[in-house]
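Student: Please take me through one helix in this structure up close, and then show me the core that its surroundings feed into.

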Amino acid sequence: MRVSRTRRLAAATAAAALVAGAAWAATSASASAAPARATAAAVQRASAGGLTPDQHRRADQLISIFENSTTELQYGYAENINDGRGVTAGRAGFTTNDGDALKVVRAYTAVSPDNPLARFIPELERLAAAGSGDTSGLPESDYVAAWKQAAQDATFRQVQDDQVDQRYFTPAMNQADQLGLTTALARAELYDASIQHGNGSEYDALPALISRTNAKVGSPSGAGESTWLNAFFDVRIDDLTNPANSSTAAEWSKSVDRVECLRRIAATGNYNLDGPLSVTAFGSGYTIS
């Protein structure tokens, strides 16, 4: 499970916000009617997870905005954000304290043994076993430099993509299928929650958020998808501001706008995640083609 990185949002530049495509014009239709329109489009979806390739890409770019203040996926990002999880790195914030980064490095080493990160596996194993955020044994500066170097390799970038799909995207889409969610926006919200909250059995994890939403308003089929999604937004924000895991409290409390950003998209009625998509997150504007 990873934590949102909001520490660089205030420094987001205009260059990060520029993506090809004109600004999306807000529709005048109500949000409550939008899911019905999106359901018709769902029949045409052929991509894994119930999203078209463009919808999947826009969801990835939205998450990249939330994580790194840019629509470009940051495979080479690596930093200790002092949240107790050691070094956070890569496009999905793989951390060193919990085996998250270890799985990525192991997968990379399996296909490319002679890589700059392979030598860190013994220490990553020790940190994962201890659940330790200590980075002195890596040491941190060497590990960060090696991660950035590895990110220049297309194979390592593909490994990161595969790990995100296996550990975050696919579990979230399985949950969406079980719930009967049909809109791209609702599926993107579960995907984002999967990245930030994880998919385990913890109180803060995605399955628990879903259970609390169902207890609050009922299933999406009973409550209506837009009503259910709005309730999920509320449940997730409550968890971000009152997490069971106290080590995430400070960082998560600053990340509420990633949920509100998606709620603002819902308010425009763009449940299909059609592009060009113009959004504001943490005070900065972005356009996704």
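Tutor: Here's the helix, followed by the core. A quick heads-up: this is a predicted model, in which local features need pLDDT of at least 70 and side-chain atom pairs count only at pLDDT 80 or more, while totals for chains, interfaces and linings use all residues. Residues are numbered from 1 along each chain as its sequence is written, and side-chain values use heavy atoms, with hydrogens and water left out.

Helix H9 covers residues 206-217; helices here are DSSP runs of H or I, at least four residues, numbered from the N terminus. Its 12 residues should span 16 Å at 1.5 Å a residue, and the end C-alpha atoms sit 17 Å apart, so the two agree. That expected span is 1.5 Å times one less than the number of residues.

On H9, Leu-206, Ala-208, Leu-209, Ile-210 and Thr-213 are buried, meaning under 20% relative accessible area with a 1.4 Å probe, protein chains only. Their cover includes H7, helix H8 (184-197) and helix H11 (225-241). Just past H9, Gly-218 has a positive phi of about 95 degrees.

Now for the core. The largest nonpolar core (buried Ala, Val, Leu, Ile, Met, Phe, Trp, Tyr and Cys joined through side-chain atoms within 4.5 Å) has 72 residues, and Leu-117 and Trp-147 are among those touching the most other members. H7 (residues 154-179) gives the most to this core, nine residues. Beyond its neighbours within four places in sequence, Leu-117 has contacts including Val-105, Trp-147 and Phe-156, where contact means heavy atoms within 4.5 Å.

Terms used: Buried means under 20% relative accessible area, exposed over 50%, partly exposed in between (1.4 Å probe, protein chains only). Helices (H or I, at least four residues) and strands (E, at least two) are DSSP runs, numbered from the N terminus.
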